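Please look over the sequence and the 3D structure shown here. The text after it explains how the parts of the chain are arranged.

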Amino acid sequence: MIDSVPSPLSADETAVDYARRLEKLGFDEMRIRKEILNHYSPIDSLSIGAFNSLSDARVRYFTMIHELTPAKPHKGLVKKVASSLGISADEAERSVCRYEEVGGMTFIPWSSPKSK
């Protein structure tokens, strides 16, 4: 897991650009959401729909949850995803179903910012 989180590059870096940069550095969606809220006011933050384009970050998050609790039932996973990511139960249900439909996904390892 990555310990240090880079700050936004400048006042001109938008929340969307910052989120994409964190995704490329290997962060999962929950961590990106927390960092967006730390650095941007809620009005300037990404809308929930914008996170749909951060598919690697969402897969990293699902993979982490699945590795921590592999026997978690479907309903429990949906509830955990909705709660942790701050999304509706319907959106969490759709995301979890897509994840389960493909049999889970291969773990996407976190990359160290220092190794780049």
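The paragraphs below go from the whole chain to its helices, and then to single residues.

The structure is a predicted model. Its chain has five helices and zero strands, so the order of elements from the N terminus on reads α-α-α-α-α. The chain has 116 residues, and 38% of them count as buried. Its accessible surface comes to about 6900 Å², and carbon and sulfur atoms hold 56% of that surface. Among the contacts with a separation of 6 or more, 58% are between residues 24 or more positions apart.

A place to begin is helix H1, which covers residues 15-25. Which residues of this helix are buried? They are Ala 15, Tyr 18, Ala 19, Arg 21, Leu 22, Glu 23 and Leu 25. In an α-helix there are 3.6 residues to a turn, so residues three or four places apart point the same way. The buried residues of H1 pack against two other helices, H2 (29-39) and H3 (55-68). After H1 comes Gly 26, with a positive phi near 105°.

Two residues of H1 can be looked at singly. Ala 15 is part of this helix. Its relative accessible area is 5%, and because buried means under 20%, Ala 15 counts as buried. Ala 15 and Arg 33 are 18 residues apart in sequence, and their C-alpha atoms are 9.9 Å apart in space. Leu 25 also belongs to helix H1. With a relative accessible area of 17%, Leu 25 is buried. Its C-alpha atom is separated by 9.3 Å from that of Val 5, which is 20 residues away along the chain.

Ser 41 sits in the loop between H2 and H3. Is this residue buried or partly exposed? Its relative accessibility is 34%, so Ser 41 counts as partly exposed. Along the chain, Ser 41 and Ala 15 are 26 residues apart, while 9.6 Å separates their C-alpha atoms.

Next come the contacts among helices H3, H4 and H5. H3 and H4 have axes that come within 12 Å and cross at roughly 130°. The angle therefore makes H3 oblique to H4. This crossing of H3 and H4 is right-handed. On the H3 side the contact has Arg 58, Tyr 61, Phe 62 and Ile 65, and on the H4 side Leu 77, Lys 80, Val 81, Ser 84 and Leu 85. By class, the contact of H3 with H4 holds six nonpolar residues, one polar and two charged.

One of the H3 residues in that contact is Arg 58. Arg 58 has a relative accessible area of 7%, so this residue is buried. Its C-alpha atom lies 6.2 Å from that of Asp 28, although the two residues are 30 positions apart along the chain.

H3 also packs against H5, at an angle of about 80° and with the axes 11 Å apart. The angle makes H3 roughly perpendicular to H5. What meets what in this contact? From H3 there are Arg 58, Phe 62, Thr 63 and His 66, and from H5 there are Glu 91, Ser 95, Val 96, Arg 98 and Tyr 99. The residues of this contact divide into three nonpolar, three polar and three charged. Arg 58 and Phe 62 thus appear in the contact with H4 and in the contact with H5.

The remaining pair is H4 (residues 74-85) and H5 (residues 89-101), whose axes come within 8 Å and cross at roughly 125°. With this angle, H4 is oblique to H5. The crossing of H4 and H5 is right-handed. H4 brings His 74, Leu 77, Val 78, Val 81 and Ala 82 to the contact, and these meet Ala 89, Ala 92, Glu 93, Val 96, Cys 97 and Glu 100 in H5. Eight of the residues in this contact are nonpolar, one is polar and two are charged.

Key. Residues numbered from 1 in each chain as written. Predicted model: local features only at pLDDT ≥ 70, side-chain atom pairs only at ≥ 80, totals over all residues. Heavy atoms only, no water. Axes fitted to C-alpha atoms, helices over the stretch in contact; angles between N-to-C directions. Helix = DSSP H or I, 4+ residues; strand = E, 2+ residues; numbered from the N terminus. Parallel < 35°, antiparallel > 145°, perpendicular 65-115°, else oblique. Left-handed = near helix turned anticlockwise from the far one by under 90°. Contact = heavy atoms within 4.5 Å. Nonpolar A, V, L, I, M, F, W, Y, C, P; charged D, E, K, R; others polar. Buried < 20%, exposed > 50% of the residue type's maximum accessible area, 1.4 Å probe, protein only. Areas by Shrake-Rupley, 256 points an atom, 1.4 Å probe, with all protein chains shown as cover.
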